[in-house]
Amino acid sequence: MAPILSVEKIPATYDQYQTTLEPRYLERARIEINEESFRREPAIARMREFIAKHPQIQRCRTDTIFLLRFLRYRKFNVEAACEALEKYLTALQVSREFFNVDLDNPIIKECLCVPLGPKRDGSLVFLMRLGSVDPATFLPEEVVSLNMIALETYGNLEVYQVTGVTPVIDLLGTTLGHVGAVTLPKLKIMMDAVNQFMGARIKKIHIVHLPKLATPVVELCLKALPIKLQQRVKLKNLQYG
């Protein structure tokens, strides 16, 4: 059974890091994200100090794997990692509806978010079947929540903190019902929440089976992404009907 992770901002003791990475991934982390053994412990200590002294943070994980997620995301720039953590915690509080999954919700059985395994570059491929959900039954918040909890789960695996994630967003089956469910105010809140929550190395984003009717919504979503991430988006199998 996996241990229950503490959210005490100042625990009695902190865990000690023991890597689960193979030598090839340790070397890759050194080259791509500036991770060195002599940097790791001081960086983690500084993040724990940031959490302990932050007046608005009431509860937060301080375990090594969680903090390394943000350090690796920001290539061991501690200030940037702390800022990313702060945005992550803010998103969880301000936009809870996008990060709250009821395990009894039947949407889980829809298999909307399926991890397909690693690519040749080691990044984890996530298939997100957004067009297959019934818009009359499930809210956009529920769909986003399911995808976020899946990414959160795999974000705890060190190898994917280093190699990153490659989402494949499949819009096959998208209808006017799907598009109409995403109002502009809801879209803005959703994209702000997702951007703040991210904390993952996104290698590429593949969007497939994009119907013409969904193009305006997708374009708005892409414009809300950081410029670097926009450049990693690939559109395939476009539909114009």
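Analyst: A crossing counts as right-handed if the near helix is turned clockwise from the far one by less than a right angle, and as left-handed if anticlockwise. In this predicted model, helix 3 passes helix 4 in a right-handed crossing.

User: Why are helix 3 and helix 4 called oblique to each other?

Analyst: Helix 3 and helix 4 (residues 78-94) pack at an angle of about 120°, and their axes lie 8 Å apart. Roughly perpendicular covers 65 to 115 degrees, and roughly antiparallel begins over 145. An angle of about 120° fits neither range, and therefore the two helices are oblique.

User: Which residues make this contact, and how is the contact of helix 3 with helix 4 divided by class?

Analyst: Helix 3 contributes Phe66, Arg69, Phe70, Leu71 and Tyr73, while helix 4 contributes Val78, Ala81, Ala84, Leu85 and Tyr88. By class, nine of these residues are nonpolar, none is polar and one is charged.

User: What makes the packing of helix 2 and helix 4 oblique?

Analyst: The angle between helix 2 and helix 4 is about 45°, with the axes 10 Å apart. Roughly parallel requires an angle under 35 degrees, and roughly perpendicular starts at 65. The pair therefore counts as oblique. Helix 2 also passes helix 4 in a right-handed crossing. From helix 2, Ala43, Arg46, Met47, Phe50 and Ile51 meet Val78, Glu79, Ala81, Cys82, Leu85 and Glu86 of helix 4. This contact holds eight nonpolar, no polar and three charged residues.

User: How do you know that the length of helix 4 agrees with its number of residues?

Analyst: At 1.5 Å a residue, its 17 residues should span 24 Å, and the end C-alpha atoms are 24 Å apart, so the two values agree. Among the buried residues of helix 4 are Cys82, Leu89 and Ala91. The cover over its buried residues includes helix 2, helix 3, helix 5 and helix 8 (184-197).

User: Why is helix 5 said to be largely enclosed by the rest of the structure?

Analyst: Eleven of its 15 residues are buried, so the description applies. The buried set includes Pro140, Val143, Leu146, Asn147 and Leu151. The span of helix 5 (residues 140-154) also agrees with expectation, because 21 Å is predicted from its residues and its end C-alpha atoms are 22 Å apart.

User: Why is Asp63 called buried, and Val114 partly exposed?

Analyst: Buried means under 20% relative accessible area, and exposed means over 50%. Asp63, at 14%, is therefore buried. Val114, at 25%, falls between the two limits and is therefore partly exposed.

User: Where are these two residues placed, and what does each touch?

Analyst: Asp63 is in the loop between helix 2 (37-53) and helix 3 (64-73). Leaving aside residues up to four places away in sequence, Asp63 touches Leu5, Asp15 and Arg48. Val114 belongs to strand 1 (residues 113-118) and, with the same exclusion, touches Val125, Phe126 and Leu127.

User: What makes the phi values of Asn34 and Phe76 notable?

Analyst: Most residues other than glycine have a negative phi. Asn34, which is not a glycine, has a positive phi of about 60°, and Phe76 has a positive phi near 65°. Asn34 sits in the loop between helix 1 (23-33) and helix 2, whereas Phe76 sits in the loop between helix 3 and helix 4.

User: Which of the terms buried and partly exposed applies to Asn34, and which to Phe76?

Analyst: Asn34 has a relative accessible area of 37% and is therefore partly exposed. Phe76, at 10%, is buried.

Terms used:
Residues numbered from 1 in each chain as written. Predicted model: local features only at pLDDT ≥ 70, side-chain atom pairs only at ≥ 80, totals over all residues. Heavy atoms only, no water. Helix = DSSP H or I, 4+ residues; strand = E, 2+ residues; numbered from the N terminus. Buried < 20%, exposed > 50% of the residue type's maximum accessible area, 1.4 Å probe, protein only. Contact = heavy atoms within 4.5 Å. Axes fitted to C-alpha atoms, helices over the stretch in contact; angles between N-to-C directions. Nonpolar A, V, L, I, M, F, W, Y, C, P; charged D, E, K, R; others polar. Expected span 1.5 Å × (residues − 1).
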